[in-house]
Amino acid sequence: MIYVPNENNDPRINLAIETYLLKEFKTDEPILLFYINQPSIIIGRNQNTLEEINKEYVDEHGILVVRRLSGGGAVYHDFGNLNFSFIMPDDGNSFRDFRKFTEPVIAALHELGVTGAELKGRNDLVINDMKFSGNAMYATEGRMFAHGTLMLDSDINEVVKALKVRKDKIESKGIKSIRSRVTNIKPFLPADKQNITTKEFRHEILLKIFGVANEDQIEKYQLTDHDWERINAISDEYYRNWDWNYGKSPEFNLERRQRFAIGSIEVRLNVVNGKINDAKIYGDFFGLGEVKDVEDALIGVRYEKEDLKAAVAKIDVQKYFGNIEAADFLNLIY
C-alpha cells in the first residue's frame, strides 16, 4: 500500500486529490490518503444540498459546501475531524463491503485504547451506540475508493447548527440524511492521549494501519507539479463549481408562507438543476399589476441568495404586494 502525504485543508482540493488518485493515477497498488478539512459540509452525491444544510448559518459563518462523488448522507468536517480514503482497483467483491475497509481503522483505534469502537449497521463506526464515523464508497471504470470520517474532537454544536435545516416545506427526491447520536473519539482515549492533536492522531493511525514503528518505513508518493495541475483542474470542474455543488441537486418543490401587515403571501417554487423552473404566488394582499410579472421574474434564477437578491431588486415589490420591503420578500423566498 502507498501513502500519499497531504497537508491541505480545503475540501475542494482534498476531494479533487481523491478523484485524481481514483481516475487518473496509474497504479495497481492500494493507496491510503488522509485529509483534514476546514469547516465544511460534504454532501452525498444524490442529495438535495439545500435540504441538508442550514444555508443562512452556513453563509454567515463561511462554511464551505461541497458535493462528493460517493453516495450517503451529509457530514460536517472541521479541524477536529480526520478523513481517510482507501483507493484501489475494484476487484468485484469489495464494493459495499464496509467491514473490509473499516477493520484496519477499528484495529488501530483498539491499539490506541479505544476498545469500544465497532462497526454497526451497514457503514457507521460507533462507541456505545454513538456514531463517530460515517463511511461511503464510489466505483468507476474498474477502480474504487472507500472513505470515512473519524471525529476526534469536532465541535458537535457546529455539527448540529450547520446541518439544521429551516422547518419550511421542501419536497424532493434527494436522499435524506439520517441524523444519529454522535460522539468524539477523544473522551474514550487513555488519559495520556487526551491532549492529542488531529495531526498527531493521524500519525498514530497511520503507523498502526501500516504496522510500522516510524513513517520512514512507509512507502510514500509525493504529488508532482503535473499531479497538482490535474488536481486543480478537477477542483475547478467539480468541487469549486456551483453547478456541481448545488445545481446537481435533484428537482425539488418548496413552499413558504408568511403573514405581513399587508396580508399573507405564499410562494411555491419548483427548482430544477438549482434554478427556479416554475413559480406561483398566492395570498390575500392587495397589489397593483399582475403577480405573474413577479413569477416570471423569478423563473430561470439560480436558487442562491445573491442571485435571488439581484432578481428581487428589479421587482417593484411595493407595487405588487403593498407596504413591504424587498428584503422581506427575499427572506420569504429564500
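Okay, let's start with the surface: this chain exposes about 15,800 Å², and carbon and sulfur atoms supply 46% of that. Keep in mind that what you see up here is a predicted model.

Now the overall picture. The chain has 334 residues, and 52% of them count as buried. If you draw a box along the principal axes, the C-alpha atoms fill roughly 75 × 45 × 30 Å. Going through the chain, you'd find 12 helices and 14 strands. And look at the contacts: take those with a separation of 6 or more, and 71% of them come from residues 24 or more positions apart. As for charges, there are 44 positive and 53 negative ones, and their mean positions sit 4 Å apart.

Right, let's zoom in on one strand, S2, which covers residues 31–35. How many of its five residues are buried? Five of the five, so to speak a full house. On one side you've got Ile31, Leu33 and Tyr35, on the other Leu32 and Phe34, and both of those faces are covered.

Who are the strand's partners? Let's take S1 to begin with, residues 2–4: S1 runs parallel to S2, and three bridges join the two. If you want a pair to click on, try Val4, whose bridge partner in S2 is Leu33. To get from S1 to S2, the chain passes through helix H1, residues 11–23, and this β-α-β crossover is right-handed.

Then there's S6, residues 81–89. Which way does S6 pair with S2, parallel or antiparallel? Here the pairing is antiparallel, over five bridges. Find Tyr35 in S2, and standing opposite it in S6 you'll see Asn83.

Last stop: Ile205, which has its place in helix H6, residues 198–210. Is Ile205 buried or exposed? Its relative accessible area is 0%, and buried means under 20%, so Ile205 counts as buried. What does Ile205 touch, if we leave aside its neighbours within four places in sequence? The contacts are Phe34, Ala108, Leu109 and Leu112. You've met Phe34 already: that's one of the buried residues of S2. So that takes us from helix H6 back to our strand.

One more pair before I sit down. Ile205 and Glu111 are 94 residues apart in sequence, and from C-alpha to C-alpha the gap in space is 9.2 Å. Have a go at finding those two in the structure yourselves. Thanks, everyone!

Note on methods. Residues are numbered from 1 along each chain as its sequence is written. This is a predicted model: local features need pLDDT of at least 70, side-chain atom pairs count only at pLDDT 80 or more; totals for chains, interfaces and linings use all residues. Side-chain values use heavy atoms; hydrogens and water are left out. Buried means under 20% relative accessible area, exposed over 50%, partly exposed in between (1.4 Å probe, protein chains only). Helices (H or I, at least four residues) and strands (E, at least two) are DSSP runs, numbered from the N terminus. Two strands pair if DSSP finds at least two bridges between them. A crossover is right-handed if, with the strands pointing away from the viewer, the path from the first strand over the helix to the second runs clockwise. Contact means heavy atoms within 4.5 Å. Accessible areas come from the Shrake-Rupley method with a 1.4 Å probe; for residues, only the protein chains shown count as cover. Lys and Arg count as positive and Asp and Glu as negative; His and the chain ends are not counted. The place of a charge is taken as NZ of Lys, CZ of Arg, CG of Asp or CD of Glu.
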